[in-house]
Amino acid sequence: MNRRGVVIILNQMQFDDAPYREGSDKDRDDIGKCFSKLGFEVRIYDDPTQDKVFEILKDVSEEDHTDNDCLVVIVMTHGEKGTLMAADTHAPYRPPYKVARLWERFVGNGCPTLRGKPKMFFIQACRGTLLDPGVWVAGPVPRSTRDAAEKNEVYATSTAPDLLIAYSTFEGHYSLRNPKDGSWFIQSLAKTLDEQGSEKDLPNLLTCVTRNVATNYISFVPDDPAKDNKKQIPCVVSTLTKAVYFSPDADS
């Protein structure tokens, strides 16, 4: 019997050597409910250490996913360029881990029962210290991708097909989060999945998320002009070789 698949949520709020991530509990709850509603088995891990992160990923890669359609991994944490933090990250003794370690067990010869199936990674974390001042554009805000031409072009390597990595922000930039309402990216993703998750394919869903973050959010930090009135745009890297739909007919 086919199942939708597993969602792993690695929610980092408390750290040995970094500020508490206020609002991440709301992100965790909201995105977990959305994927559960779409028929996924959702597993939540709060504040795992670095060793625990790799243990979780190892265990998932060794499971039998024969009856699963796909895999989703969501990481919400502090980050820098190319690296992510776990609860026990403490430079220089316990440096951040490289972001590519999240999917290293699911490419090449890793996890045979997920070969040919989508492996999706959603990463809510900073990727640097740059802030986006935004560009003001005259004219109507785009609201739909219905008129976009469909393309069947696929770009994938021989060892890493069927991966999708959605970053909350562009390389080198901050990722913004409201301490009460949650992060712009995860909240937009949750809203889009809740409203349209069973209607559109994944690239179109993520285009909606990107558009929402880019056009409907702006930072409000009046006591810090350097961080006030800033924008953000997510970034997606994909080697998917087939369309991905969260259709409502999967067994949960």
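# A guided tour, starting at Gln-124

Start by selecting Gln-124, which sits in strand β7. Keep in mind as you look around that this is a predicted model. With a relative accessible area of 2%, Gln-124 is buried. Show its side chain and look for two polar partners. One is the side chain of Ser-175, in polar contact with the side chain of Gln-124 at 2.8 Å. The other is Ser-183, whose side chain joins that of Gln-124 through a polar contact of 3.3 Å.

Now reveal the surroundings. Setting aside neighbours within four places in sequence, the residues in contact with Gln-124 include Arg-21, Val-75, Met-76, Thr-77 and Ser-168. Also among them are Leu-176, Phe-185 and Ile-186.

**Next stop: Lys-117**

Select Lys-117, in the loop between β6 (97-98) and β7 (119-124). Which side chain of opposite charge is nearest to Lys-117? It is Asp-69, 6.4 Å away, and the buried Lys-117 has no salt bridge. A salt bridge needs a side-chain nitrogen of Lys or Arg within 4 Å of a carboxyl oxygen of Asp or Glu, so that distance does not qualify.

Look instead at the backbone of Asn-68: its oxygen lies 2.8 Å from a polar atom of the Lys-117 side chain. To see the wider setting, display His-65, Thr-66, Asp-67, Asn-68, Asp-69 and Asp-162, with which Lys-117 is in contact once neighbours within four places in sequence are left aside.

**Along helix α1**

Move on to helix α1, residues 24-37, and pick out Asp-30 and Lys-26. The two residues are four apart, about one turn of the helix. Their side chains meet in a salt bridge, with 2.7 Å from N to O. Lys-26 is partly exposed, at a relative accessible area of 31%.

Stay with the helix and select Arg-28, then add Asp-46. These two form a salt bridge whose closest N and O atoms are 3.0 Å apart. This pair links distant parts of the chain: Arg-28 is in helix α1 and Asp-46 is in strand β2 (residues 41-46), 18 residues apart. Is each partner buried or partly exposed? Arg-28 counts as buried, at 14% relative accessibility, while Asp-46 is partly exposed, with 37%.

**More charged partners**

Now select Glu-62 and Lys-58, whose side chains meet in a salt bridge of 2.9 Å, N to O. Glu-62 counts as exposed, at 52% relative accessibility, and Lys-58 is partly exposed, with a relative accessible area of 32%.

For a bigger group, select Arg-3, Glu-41, Arg-43 and Glu-63 together: a network of salt bridges links them. Across the whole structure, a search finds 14 salt bridges.

**A look at two cysteines**

Select Cys-34 and Cys-111. Cys-34 counts as buried at 9% relative accessibility, and Cys-111 is buried too, with a relative accessible area of 5%. How many disulfides does the structure hold? The number is zero.

**Zoom out**

Finish by switching to a cartoon view of the whole protein. Its secondary structure comes to four helices and 13 strands. Of the 252 residues, 47% are buried. Among contacts between residues at least 6 apart in sequence, 79% join residues at least 24 apart. Then turn on the surface: the protein exposes about 13,200 Å², and carbon and sulfur atoms supply 50% of that area.

Terms used: Residues are numbered from 1 along each chain as its sequence is written. This is a predicted model: local features need pLDDT of at least 70, side-chain atom pairs count only at pLDDT 80 or more; totals for chains, interfaces and linings use all residues. Side-chain values use heavy atoms; hydrogens and water are left out. Buried means under 20% relative accessible area, exposed over 50%, partly exposed in between (1.4 Å probe, protein chains only). Lys and Arg count as positive and Asp and Glu as negative; His and the chain ends are not counted. A polar contact is a pair of N or O atoms within 3.5 Å; within protein, one must be able to donate a hydrogen and the other to accept it, and residues adjacent in sequence count only if both atoms are side-chain atoms. Contact means heavy atoms within 4.5 Å. A disulfide is a pair of cysteine sulfur atoms within 2.5 Å. Accessible areas come from the Shrake-Rupley method with a 1.4 Å probe; for residues, only the protein chains shown count as cover.
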